[in-house]
Structure formats: structure tokens, C-alpha cells
Amino acid sequence: MLILERIRGSFLAGIVLLIACGGLMPGNAGGAEFRPETLFPDHTRGFLAISNLPKFREHLQRTQLGQLLQDPALEPFVQDLRAQMETRFDGIRSRLGIRLDELESIVTGGLGIAVLYSDADAQAGLAAVLEIGGKAAETRQVLDRVVREVRNQGGSTAAERIAGKEVTVITLPEDERRGTRRVVYYLDDERLVAADSTATIEGVLKRINGDSAATLAEQKAFAHIMERCGQDTEGAVPQIRWFIEPFGYTAAVRSAIPPERRKRERRLAESLKAAGFSALQGVGGFVDVAVEPYELIHRTFVYAPGPLEKSAKIFSFPNSKEFAPPKFVPRDLATYVTGYCDVLNAFDNVGPVFDQTIGEGEEGVWQDVLDSLKNDPTGPQFDLRNEFFVHFGRRIVVFSQYELPITPTSERMLVAVEVKDAAAAAAALDKMFRHEARFERREHNGHVIWEGLPEEKKDLPDLNLEGIPGVGEADSPAEKESAPIFPNASLTVYEGYLLIASHYEYLVALLDRDQARESLERNPDYLTVMEQIEKLGGDEACLKSFSLTEEEYRPTYELIRQGKMPESQTLMARLLNSFLAPEPGKPREQRIDGSKLPDYEVIRRHLGPAGLYGKAEKDGWFLKGFTLPKQ
């Protein structure tokens with residue numbers, strides 16, 4: 001669920017950037033479908049293709065969000081945001097030499113970007129294919145500007161023939177952090193190919209020449225994901241297609257970070273593989289905007305063909321038709337996610353990943369922990385499986401709200417896990433926490449609540465996005481300890497669920513609500529989203545979510561206005577803070593002047609509700625989500 005939130009946050013930031021980048025560009029007259037995956041090699045680990053960039057931006061600007069960002073009242077914010085995003089994407093310019101504004105001026109059709117990684121040389125590569133039909137002269141001017149700039153900075157350029165085609169090889173000035181870097185271009189009347197090495201561009205050019213070398217299009221995970229998402233669109237060409245091969249992509253990221261961190265992160269990746277997670281072979285899908293009746297609609301497939309082994313067995317998400325929200329879920333909330341997971345099965349299969357990561361590869365460490373909890377005379381003498389997890393059902397519910405006025409600590413969240421025997425679960429909770437000094441037993445209207453007491457305040461964990469090829473170059477910031485999601489969690493058993501709230505006061509307020517009048521089922525936006533999910537095929541699913549985006553995005557907006565964005569403790573805000581940090585490894589600061597932003601009431605009128613469902617299938621999980629226009 002957290003991963004979905006990060007993806008949605010990253011996509012929103014990308015949408016804002018594209019809309020903020022300026023006016024419309026001339027369109028392409030048509031032609032064959034843009035399929036750059038036939039030009040990229042089968043060791044492509046990350047892929048993004050926009051079928052027609054000018055038309056895509058036209059669609060973006062037809063959305064309510066696009067119209068909002070063209071409002072003169074938001075112009076100062078949009079300009080600041082554009083500057084920050086361009087700074088953050090300096091990695092693209094450093095690897096390919098072209099600025100974002102220059103891309104806007106030359107691309108007349110599709111755009112494809114690939115992150116490459118081969119185990120043979122343990123180096124990441126970046127390649128791009130741009131359709132520039134009718135703009136060859138303007139593109140040549142851009143390349144001439146790059147050449148002049150490089151020469152003025154002490155670099156060099158040379159013309160070479162690669163795969164029978166003339167290319168321009170640019171050697172950038174050497175620096176201490178990045179060493180020697182090259183950018184290689186090939187230009188003809190219809191396309192521009194750019195890459196960060198001669199080897200990378202050679203592979204693309206050979207495929208342009210008709211070479212039969214294996215391509216991304218033939219890679220099994222990619223092909224399956226594109227086919228599955230294509231079945232849902234009934235052959236319609238999506239505006240955006242994307243793909244990530246998880247372990248290969250993280251290996252590409254590692255190659256761009258300092259050696260010591262590289263070793264640590266490689267050990268983690270190898271540990272996850274050894275625990276069975278290599279079964280997750282790919283994730284990708286389609287995205288479309290301004291397609292009636294949706295502001296945005298996206299399709300994603302997680303490819304895990306199985307058989308799932310070791311800790312990968314925890315990915316057991318049975319489909320169901322029973323999704324009525326529990327009565328304790330409030331009507332007025334920001335986000336709501338519910339789904340089905342075989343919790344006891346997950347517990348029974350967590351051992352391999354625990355042994356590989358926490359136990360550093362030593363088998364039996366997880367079992368030793370369980371045995372110690374159960375049998376150590378000085379310990380709690382608690383059988384975690386048979387006294388606690390055995391009582392869990394399969395339904396899980398997560399929702400969030402925000403306290404007003406908005407502050408960095410306004411977020412309130414609750415996780416609810418279904419229990420089969422409420423009395424036994426409550427007794428287990430008492431036994432688990434009665435000797436825990438950090439938890440205090442309290443009673444409220446007959447309900448026993450275990451309240452987590454505050455710990456010494458720590459710095460917020462850094463959601464580091466550095467090292468991603470083409471997005472940022474990594475320094476070596478000091479590692480920070482991961483903070484718990486709920487540092488002051490409060491727990492109780494209520495109405496057939498174990499409730500885990502982020503704050504004691506929030507839990508008490510939920511228990512005291514008039515459930516008959518304030519339940520989620522009385523929220524008209526929720527009912528509309530669930531109706532759309534049914535229409536889209538989500539009657540039977542393993543996951544469903546609802547987002548009232550006007551509430552979900554409010555904290556981020558208000559904290560920017562207050563100049564307190566770096567202090568925010570919400571997941572979304574931490575992600576944006578990291579994305580917009582001025583320099584890798586340095587303290588974050590807010591450089592956008594939020595004081596110029598209009599009142600949030602101007603903004604919320606453009607933010608409609610959103611929904612998503614996920615379905616377990618033979619070879620993985622299919623997810624389909626959407627955002628509706630604000631009515």
C-alpha cells in the first residue's frame with residue numbers, strides 16, 4: 001500500500017512538471033505506432049514511452065489540474081516548481097546533454113527512455129529515442145549548442161561511424177565525482193537517438209538497421225505486462241507505457257552510488273533474492289489522462305509467475321466480493337484502502353526474509369526469536385503465532401485523515417486487521433503489552449487501549465531518490481535510522497478488528513463517533529467511486545481504495561504556503577521533500593515561495609475523487625485506478 005502511495009505521489013509530481021513546462025507544441029501528422037521497445041535491448045531494466053508527447057500535453061492541459069496550473073493566480077508557484085524540477089532532473093542533462101525546454105521545442109511525436117543494466121559489466125546506461133519529424137534543423141541547432149557549451153567548458157567532440165551511421169561523440173569535462181562521461185548522438189530526418197556511451201547507442205542503431213538482437217519487446221516480463229494491460233484497453237494505444245524490472249533496476253541504481261553504499265545495498269538485494277523475492281519479475285502498465293469520463297486512468301500489472309517460494313509465499317492476496325466498509329470507518333476521511341491478505345500464511349513464511357536480512361543469511365534466526373519470546377524465563381513467554389497471529393482473519397483496512405489547522409503533524413491514520421476471535425485477540429494483546437514499559441494500559445468507555453508513549457524525538461527518515469540514472473547523481477549522505485510508521489501507536493480490539501491508530505486521541509474519537517450517521521457508506525464520493533470500480537470490472541478483487549484527493553493533497557499544499565514543507569511527517573510530503581531537495585545529502589529547505597499561493601479553496605475545486613482496485617490472477621496482480629473530475 002505504501003508503494004502505491006509513492007507511485008501515485010511520483011506520478012503527480014511528473015504531471016505537474018509536464019503541465020508547467022510551457023505552451024503546446026506542434027502535433028505529429030500520424031504514422032506508425034511508436035514502439036521504442038523494439039530498439040532497446042533485452043537488458044533494459046526501466047522503460048518509459050510517451051506515444052505522442054505534444055498530444056499528451058494537450059490532454060494534460062484539458063484536465064482540471066492542468067487548467068488549474070494555467071491559472072494566473074498560480075503562476076509564481078508554477079514557475080518556482082518548474083525551476084526546482086529542472087534542477088532535480090539535471091541528471092538527464094548531465095547524461096544526455098539536452099535541457100527540458102529543448103525537448104519541448106523539438107519532439108513532434110513519441111519519446112522513449114530506457115535505463116539499461118548488464119550483469120556482465122555492472123554498469124548502468126541511459127538511452128533515449130525521440131521522434132523529431134519536421135524538426136531536424138531545430139534539433140541540429142540544439143546539438144550545436146551542446147557542442148559549443150562542452151568545448152567552452154574544456155570538453156571535446158568527435159564524429160565517428162557506429163553501426164554504419166555517423167554519430168557525434170561528446171566527451172564531457174572530467175570532474176572528481178563523476179569521472180569521464182560521454183554523450184553520443186545520432187540524428188536523421190525522423191528521430192534523434194541519445195545515449196551515454198558508444199556501446200549503448202551501438203545497440204540501438206543496430207536494431208534500427210534491422211539487427212535481430214534480442215529486444216525489450218521480447219523480454220518475457222515486459223511482453224506479458226504489456227499484453228495483459230492491452231487486453232483491458234481492447235487494443236487502444238495508451239498515452240504512456242512504463243516498465244521496471246525490480247532487481248535489475250535497483251542494480252542500475254547501485255552502479256551510480258558510492259562504492260561503500262553500493263556494497264551494502266547489493267547485499268540487501270541479494271538477501272531478498274535468496275529469500276524468494278526474485279519471483280517478482282516486473283511491474284509496469286499504461287497511463288492515460290483526459291479520457292472520458294476520467295481525469296486519469298491507469299492500468300498496472302505486477303508479474304510474478306511463480307511458483308512462489310520461501311518468503312514470496314507471503315504474497316497471498318485472495319479475491320473477494322465482500323468490501324462493505326466496517327462501521328468504524330468515518331465518513332469524512334482523506335484516503336481509504338481495504339483488501340484481503342492471508343495474514344497467518346504471511347507470518348508463517350516471513351522466516352527466510354528475516355534470516356537473510358536481519359540474520360545476515362544465517363538460517364534459523366527468526367525461529368530463535370520466536371523460541372526466545374515463548375520460552376525465555378526473563379522474557380514475555382508469549383507464543384506470537386499461536387497466541388496472537390492465529391486469531392487474525394484476512395481483511396485489512398487502512399485509512400487516513402488530517403487535523404485542522406494543518407501542521408507538520410496533522411496526519412492521523414488507522415490500520416485495522418480482522419480477527420476471528422475478538423476475546424482471544426484482546427487477551428493476547430494484554431499479555432503482549434503488560435510488561436512493555438513503553439505502552440500504558442488505559443480504559444475508555446469499557447474499551448481497553450494500549451497507548452504507546454512518546455520516544456525521544458529523532459530526525460525524519462530520508463526518502464532517498466538519489467542514484468537513479470537520469471534523475472540525480474548520488475553523494476554519500478549519512479544513513480538514517482528508519483522511523484516507525486506509527487511512533488506512538490495505540491491499539492485495541494473493537495467490532496471484530498484489531499485497531500492500530502497513529503494517536504491515542506484519534507482512536508478515542510473514532511470509538512466515540514455516531515457510527516450510524518457518520519460511516520463511510522454515507523459519503524457520496526465514496527459511493528460514486530465504488531460504482532465506477534464495479535463498472536471497470538472490480539466486482540471481485542483483492543484490493544480496493546478510495547481517495548478524496550481534495551483532502552489528501554491539502555496538507556502538502558498548506559505546508560508549502562506556511563513554508564513548513566520540510567518539517568512534514570506525512571509519507572507524501574517526505575517523498576516530495578526528497579524529490580525537491582536542493583542538493584543530495586544536504587539539509588532540505590523549502591525554496592518555493594508558498595506565500596504567493598492562493599487560498600486552498602481555489603485549489604480544491606479542481607481535485608476530484610479517485611479509486612483503484614487490484615485483482616489476483618494466475619501470474620501476478622492486475623491493478624486499475626482512476627481519478628474523476630470534480631463535480
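**Exercise 1. Which residues of helix 19 are buried?**

Before we start: this is a predicted model, in which local features need pLDDT of at least 70, side-chain atom pairs count only at pLDDT 80 or more, and totals for chains, interfaces and linings use all residues. Residues are numbered from 1 along each chain as its sequence is written, and side-chain values use heavy atoms, with hydrogens and water left out.

Step 1. Find the helix: helix 19 covers residues 524–535. Helices (H or I, at least four residues) and strands (E, at least two) are DSSP runs, numbered from the N terminus.

Step 2. Apply the cut-offs: buried means under 20% relative accessible area, exposed over 50%, and partly exposed in between (1.4 Å probe, protein chains only).

Step 3. The buried residues of helix 19 are Tyr526, Val529, Met530, Gln532 and Ile533. Seen down the helix axis, they fall within an arc of 155° (taken from the directions from the axis to the C-beta atoms), so they line one face of helix 19. A general point helps here: an α-helix has 3.6 residues a turn, so residues three or four places apart point the same way.

**Exercise 2. Find the strands that the buried residues of helix 19 pack against.**

Step 1. Look for contacts, meaning heavy atoms within 4.5 Å.

Step 2. You should arrive at strand 10 (294–303), strand 11 (335–340), strand 18 (543–548), strand 19 (609–617) and strand 20 (620–627).

**Exercise 3. Describe what lies at either end of helix 19.**

Step 1. At the start, a side-chain oxygen of Asn523 comes within 2.9 Å of the backbone nitrogen of Asp525.

Step 2. After the helix comes Gly537, with a positive phi near 105°.

**Exercise 4. Work out which parts of the chain two salt bridges tie together.**

Step 1. Use the rule: a side-chain nitrogen of Lys or Arg within 4 Å of a carboxyl oxygen of Asp or Glu. The count comes to 28 salt bridges.

Step 2. Take Arg45 and Glu245, whose closest N and O atoms are 3.3 Å apart. Arg45 lies in strand 1 (residues 44–50) and Glu245 in the loop between strand 8 (240–244) and helix 10 (246–254), so the pair ties together parts that are 200 residues apart in sequence. Arg45 is buried at 14%, and Glu245 is buried at 13%.

Step 3. Now take Glu534 and Lys544, with closest N and O atoms 3.5 Å apart. Glu534 is in helix 19 and Lys544 in strand 18, so this pair ties together parts that are 10 residues apart in sequence. Glu534 is partly exposed at 39%, whereas Lys544 is buried at 5%.

Note on methods. Expected span 1.5 Å × (residues − 1). Polar contact = N/O pair within 3.5 Å; in protein donor to acceptor, adjacent residues only side chain to side chain.
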